[in-house]
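Biologist: I'd like a close look at one stretch of this protein, starting from a single residue and working outwards. Could you go slowly and tell me what sits where?

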Amino acid sequence: MNRHTPLSHIIDVTRPSVARMHNYYLGGKDNYPADRQACERLLEHAPSTQILAVNNRRFLQRVIRFLAQERGVRQFLDIGAGLPTRDNAHEMAQRYSAEARVIYVDNDPMVLAYGRALLEENANTAVIQADLRHPDAILDHPRLAELFDLNEPVAALCISVLHCIHDDDAPADLLRRISSRLCSGSYLAVSQLVSEDATVRRVITGLMRDSTAGKWGAVRRPKDVDGFFAGLDLLEPGLVDVSAWRADPRLGPRPRTQEWVEYGGVGRVR
């Protein structure tokens, strides 16, 4: 891509993308009318969706802080990273250790273009094009081999990405394939949109699949996500609404969502 070519000539701005919708909910500017219209349609069915996006971002911040400060992790693999925003993963991790290395992974062309321009700020940060559905392509990527030592602990961050994976792609198996490649003492952090209400799951899954031309998996049940951590040692407080995961009471009451929640936690590789 020529650096002078507008992104609107490279990507389909008439079709909403999950990454740009998330950017809109977080107050970003890297989105288009189609994304904003899809967000407004979603809010009609799930008015607390914007609060949910904020809760999820705060969860990512707490996970990185905990793993960097208390567990000494220095390698972070952010899979399905989404568009750059304020306080990105490498900024958080390198705040606690200048030696922290962060690799962002995404398959969205706009994420890659913006990520490479805005996130690769130093030699310890990289953005690679890969897909969660192909774990070995991520872990065998040349840039990962340059930056990471897989004999040392890695934190694999799958934050708000698994609901983009279809059931036919077996998300639990994908996560097991990732964790099986990581050494003992590594971590897997996951959040996934869930609801106990079958109507909510059906309506929102259908809406998002239609809006994104099928680039959406499913809103799942909490018990479906429980299986994502098979074979890992769950850290306290286990699998929860992520707004409650090691929440800081000094920040006041956590915002609550009604129709659905981001559900997940962190597991340690044995």
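Modeller: Let's begin with Leu-150, which at 24% relative accessibility counts as partly exposed, since buried would need a value under 20%. Bear in mind throughout that this is a predicted model. Leu-150 sits in the loop that runs between α7 (142-147) and β4. Its contacts, once neighbours within four places in sequence are set aside, are Leu-139, Leu-144, Arg-181, Leu-182 and Cys-183. Now try going along the chain to Cys-164: that residue is 14 places from Leu-150 in sequence, yet their C-alpha atoms are 27 Å apart.

Next comes β4 itself, which covers residues 155-159. Ile-159 belongs to this strand. With a relative accessible area of 9%, Ile-159 is buried, whereas Leu-150 is partly exposed. What does Ile-159 touch, leaving out residues up to four places away in sequence? The list is Asn-56, Phe-59, Leu-60, Ile-79, Gly-80, Ala-189, Val-190 and Ser-191. For a residue that isn't on that list, take Ala-244: it is 85 residues from Ile-159 along the chain, and 15 Å separates the two C-alpha atoms.

After β4 the chain enters a loop that leads to α8 (171-180), and two of the loop's residues have backbone angles worth a look. Most residues other than glycine have a negative phi. Ser-160 is in this loop, and its phi is positive, near 55 degrees. It is also buried, at 15% relative accessible area. Ala-170 is in the loop between β4 and α8 as well. Its phi is positive too, about 55 degrees, although it isn't a glycine. How covered is Ala-170, then: buried or partly exposed? Its relative accessibility is 25%, so it counts as partly exposed.

While we're on backbone oddities, there's another in a separate loop. Most peptide bonds are trans. The one joining Glu-236 and Pro-237 is cis, with omega about 10 degrees. You'll find Pro-237 in the loop between β6 (232-234) and β7 (240-241). And Gly-27, which follows α1, has a positive phi near 85 degrees; this one is a glycine.

That brings us to the first helices. In α1 (residues 18-25), the buried residues are Ala-19, Arg-20, Met-21, Asn-23 and Tyr-25. Their cover includes α2 (33-45), α3 (49-69), α5 (109-118) and α9 (198-211). You can pick up one of those links from the α2 side. Asp-35 is in α2, and it is buried, with a relative accessible area of 0%. Beyond four places in sequence, Asp-35 touches Arg-15, Pro-16, Ser-17, Arg-20 and Met-21. Arg-20 and Met-21 are among the buried residues of α1.

His-45 is in α2 too, but there the picture changes: it is partly exposed, at 43% relative accessible area. Its contacts outside four places in sequence are Val-203, Leu-207 and Glu-259. His-45 and Val-203 are 158 residues apart along the chain, while their C-alpha atoms are separated by 8.1 Å.

Stepping back for context, the protein chain has 10 helices and 8 strands. Its radius of gyration is 18 Å, close to the 18 Å the globule rule gives for 270 residues, so it is as compact as a globular protein of that length. Along its principal axes, the C-alpha trace spans about 45 × 45 × 40 Å. Of the 270 residues, 53% count as buried. Among contacts between residues at least 6 apart in sequence, 72% join residues at least 24 apart. As for charge, there are 34 positive and 35 negative side chains, and the centres of the two sets lie 2 Å apart.

Last, a word on confidence. The chain averages a pLDDT of 91, and 94% of its residues score at least 70. Residues 1-9 are where to be careful: pLDDT stays under 50 there, and the model has 10 contacts for them beyond four places in sequence.

Key: Residues are numbered from 1 along each chain as its sequence is written. This is a predicted model: local features need pLDDT of at least 70, side-chain atom pairs count only at pLDDT 80 or more; totals for chains, interfaces and linings use all residues. Side-chain values use heavy atoms; hydrogens and water are left out. Helices (H or I, at least four residues) and strands (E, at least two) are DSSP runs, numbered from the N terminus. The radius of gyration is taken over C-alpha atoms; the globule rule is 2.2 Å times the number of residues to the power 0.38. Buried means under 20% relative accessible area, exposed over 50%, partly exposed in between (1.4 Å probe, protein chains only). Contact means heavy atoms within 4.5 Å. Lys and Arg count as positive and Asp and Glu as negative; His and the chain ends are not counted. The place of a charge is taken as NZ of Lys, CZ of Arg, CG of Asp or CD of Glu. pLDDT is the predictor's confidence in each residue, from 0 to 100.
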